[in-house]
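Welcome, and thanks for taking a look at this one with us. Please open the structure alongside the text, as the walk below goes from a pair of helices to salt bridges and then to one residue in the interior.

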Amino acid sequence: MARNPVRRQRPAKPAPEKKIGPKPVIGTLLGAGVLLAIGIPWLAADGSVRDEVARLAPGAVVAKRAPAPPAGVVAAAPDEPRAFLDPAGSGTTAYASGDYEGALAHYQTAVEANPQDAESHSNLGQMLVRLKRPAEALPYFDRAIALLPERWAYHFNRARALGLLGRWEEAIAGYKRAEAIMPEDYATIFNLGQALHRSGDEAAAVEAYLRAIALAPDDASFRIALGTSYENLQKPAEATAAYGEYLRLSPDAADAERVRARIVQLTK
């Protein structure tokens with residue numbers, strides 16, 4: 001969404017922290033990684049531009065495996081067993097088995113048992129998003145942020161929920177806050193670009209895409225989003241160059257012929 005943001009965290013007492021280390025992959029809820037939070041603009045069969053929601057993030061490992069907990073959901077490390085009836089641990093187990101309603105109930109219990117635990121509020125918000133209830137998730141993300149305002153994942157996940165609701169200006173503000181906490185996270189910057197694109201600010205979207213590309217230069221699909229915004233800005237030469245970079249980086253992609261056809265149309 002995107003390397004397909006899930007960010008796992010080891011259980012810890014809530015404490016303000018700024019995550020430092022390898023760049024998180026783009027993120028939210030399925031498989032071993034994250035989907036692009038908003039979706040990559042793409043080319044329809046007739047060469048027109050459309051938005052494809054939930055396109056797998058570049059570099060994602062597509063394999064049959066149990067789903068990992070959503071971004072922000074704490075999973076017990078192998079050397080740190082949880083209590084048998086710990087609600088958060090039970091929720092993670094239920095999520096891994098595909099029982100999302102069961103996971104939701106466990107996370108609700110965790111919030112009720114420890115209303116000052118930011119992670120439990122975040123986990124509950126993430127499950128509500130997974131169950132396509134983003135409006136209900138927002139108060140829990142708000143509470144998590146109030147408790148731990150410097151946690152990157154909370155701002156990112158809240159911005160994603162706002163995007164799912166079409167509240168693009170608020171989503172933009174959320175991604176900018178997440179970027180301020182983790183300024184070199186290409187996933188956050190790319191999703192900021194997507195929110196700007198959806199809001200109609202293509203010039204700002206291009207600027208965000210270019211920054212994301214600078215941080216992840218081998219990520220081919222970012223060029224598709226960049227090319228789309230260039231097209232909307234009536235800049236066919238720049239769009240053609242972006243699509244050309246996509247083909248250079250992924251010449252054997254399943255959609256390569258469609259991209260080549262689009263380049264021909266633009267160059268005419």
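Which residues in α4 meet which residues in α5? From α4 come Pro134, Leu138, Phe141, Asp142, Ala144 and Ile145, and on the α5 side they meet Tyr154, His155, Asn157, Arg158, Ala161, Leu162 and Leu164. Sorted by class, this contact of α4 with α5 holds nine nonpolar, two polar and two charged residues. Please keep in mind throughout that the model is a predicted one.

The geometry of this pair is easy to follow on screen. Helix α4 covers residues 134-147 and helix α5 covers residues 152-164; they pack at an angle of about 160 degrees, and their axes are 9 Å apart. Because angles over 145 degrees count as roughly antiparallel, α4 is roughly antiparallel to α5. The crossing of α4 and α5 is left-handed.

**The overall layout**

Stepping back, the protein chain contains 11 helices and two strands. Along the sequence, the pattern reads β-β-α-α-α-α-α-α-α-α-α-α-α. The chain has 268 residues, and 54% of them count as buried.

**Salt bridges**

How many salt bridges does a search of the whole structure find? The search gives 11. Three of them are set out here, with the distance between the closest N and O atoms in the first two rows and the N to O distance in the third.

| Acidic residue | Basic residue | N to O distance |
|---|---|---|
| Glu136 | Arg133 | 2.8 Å |
| Glu231 | Arg262 | 2.4 Å |
| Glu245 | Arg248 | 2.8 Å |

Let's take these pairs in turn. In the pair of Glu136 and Arg133, Glu136 is partly exposed at 41% relative accessibility, and Arg133 is partly exposed as well, at 27%.

The salt bridge of Glu231 with Arg262 links two helices: Glu231 lies in helix α9 (residues 222-232) and Arg262 in helix α11 (residues 256-267), so the pair ties together parts that are 31 residues apart in sequence. Are these two partners buried or exposed? Glu231 is buried, with a relative accessible area of 12%, and Arg262 is buried too, at 15%. Both count as buried because the cut-off is under 20% relative accessible area.

The pair of Glu245 and Arg248 sits within helix α10 (residues 236-249), where the two are three residues apart and therefore separated by about one helical turn. Here Glu245 is partly exposed, with a relative accessible area of 27%, whereas Arg248 is exposed at 53%. Elsewhere, salt bridges that share partners join Glu179, Glu207 and Arg211 into one network.

**A residue in the interior**

Our last stop is Ala205, which lies in helix α8 (residues 202-215). With 0% relative accessibility, Ala205 counts as buried. What does Ala205 touch, leaving aside residues up to four places away in sequence? Its contacts are Gly193, Leu196, His197 and Ser229. If you would like a distance to check in your viewer, try the C-alpha atoms of Ala205 and Ala225: these residues are 20 residues apart along the chain, and the two atoms are separated by 9.0 Å.

Terms used. Residues numbered from 1 in each chain as written. Predicted model: local features only at pLDDT ≥ 70, side-chain atom pairs only at ≥ 80, totals over all residues. Heavy atoms only, no water. Axes fitted to C-alpha atoms, helices over the stretch in contact; angles between N-to-C directions. Helix = DSSP H or I, 4+ residues; strand = E, 2+ residues; numbered from the N terminus. Parallel < 35°, antiparallel > 145°, perpendicular 65-115°, else oblique. Left-handed = near helix turned anticlockwise from the far one by under 90°. Contact = heavy atoms within 4.5 Å. Nonpolar A, V, L, I, M, F, W, Y, C, P; charged D, E, K, R; others polar. Salt bridge = Lys/Arg side-chain N within 4 Å of Asp/Glu carboxyl O. Buried < 20%, exposed > 50% of the residue type's maximum accessible area, 1.4 Å probe, protein only.
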